[in-house]
Amino acid sequence: AHDGEKAVLPFETGWRILSRLDLAVLSLDWMTRMAPFPAVTAGITARVMVRSRRMAVMFAIAQHPRLTDRLRLFFWDLADRYGRVRPDGVLLELELTQEMIGYLVGGRRPSISKALSELEGDGHLRRDGGRLFLLGDPPELDAFDEPA
């Protein structure tokens, strides 16, 4: 939702949809009709709070100066939601291109490719086609350099 005020720094937002998406616009009329059902509003509010926390995590990840650190933190954050624990690591089967990963962590595709190779060489991950295996335990935050 746009607040209607003119911004000093204009920006645009957009969506990149990776899979089928159902979207609903919840208007004031809809909210009025749903007023007798406070559990629905509470559920939507809870989802908004989860999204807010996830955005805060992404902002924290983005503060790390080293791309390899950002990638490790990003992949483990994704693994928390989408990963499957297997004997050979945590499997992430998400259709993310290096371009999309770069967009999400603040890096360019060539740098993403190099950082992925570095993480693979250091034993933090293994790539197998479109699949990514996270190896070892999730990183401890104190193992990273202090954010800039």
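1. How many helices and strands does the secondary structure of the protein come to? Five helices and four strands. Bear in mind that we're looking at a predicted model. Going along the sequence, the pattern reads α-α-α-β-β-α-α-β-β.

2. On overall dimensions: the radius of gyration comes out at 19 Å, well over the 15 Å that the globule rule gives for 148 residues, so the protein is more spread out than a compact globule. The C-alpha trace spans about 55 × 40 × 30 Å along its principal axes. As for burial, 24% of the 148 residues count as buried. If you take contacts between residues at least 6 apart in sequence, 58% of them join residues at least 24 apart.

3. Now the sheet. The four strands make an open sheet with antiparallel pairing, and the order is S1-S2-S4-S3. The edges belong to S1 (84-86) and S3 (125-128); each has a single partner strand, so one side of each is left without a neighbour in the sheet. From one strand to the next, the twist averages 30°.

4. Taking the pairings from the S1 edge: S1 and S2 (residues 89-92) are antiparallel and share three bridges. Within that pair, Val85 sits opposite Val90 of S2. S2 is also joined to S4 by three bridges, again in the antiparallel sense. Val90 turns up here too, with Leu134 of S4 as its bridge partner. That makes Val90 a handy residue to centre on in your viewer, given its links to Val85 and to Leu134.

5. At the other edge, S3 and S4 run antiparallel and are joined by four bridges. Asp128 stands opposite Arg131 in S4. The hairpin that S3 and S4 form has two residues between the strands, and Gly129 there takes a positive phi near 65°. That's one to look up if you're going through the backbone torsions.

6. What packs on the sheet? Helix H3 (residues 67-82) does, and it touches S1, S2, S3 and S4 (131-134). The direction of H3 makes about 80° with that of S2.

7. H3 also packs against another helix, H4 (residues 98-105). How far apart are their axes, and at what angle do they pack? The axes are 10 Å apart and the angle is about 100°. Angles from 65 to 115 degrees count as roughly perpendicular, and H3 and H4 are therefore roughly perpendicular to each other.

8. Side by side, the residues that meet in the H3 and H4 contact are these:

| Helix | Residues in the contact |
|---|---|
| H3 | Leu67, Arg70, Leu71, Phe74 and Phe75 |
| H4 | Ile101, Leu104 and Val105 |

By class, the contact of H3 with H4 has seven nonpolar residues, no polar ones and one charged one.

9. One more residue in H3 to look at is Asp77. Is Asp77 buried or exposed? Its relative accessible area is 17%; buried means under 20%, so Asp77 counts as buried. Which residues is Asp77 in contact with, leaving aside its neighbours within four places in sequence? Val57, Met58 and Ile61.

Note on methods: Residues numbered from 1 in each chain as written. Predicted model: local features only at pLDDT ≥ 70, side-chain atom pairs only at ≥ 80, totals over all residues. Heavy atoms only, no water. Pairing = 2+ DSSP bridges. Axes fitted to C-alpha atoms, helices over the stretch in contact; angles between N-to-C directions. Contact = heavy atoms within 4.5 Å. Parallel < 35°, antiparallel > 145°, perpendicular 65-115°, else oblique. Nonpolar A, V, L, I, M, F, W, Y, C, P; charged D, E, K, R; others polar. Rg over C-alpha atoms; globule rule 2.2 N^0.38 Å. Buried < 20%, exposed > 50% of the residue type's maximum accessible area, 1.4 Å probe, protein only.
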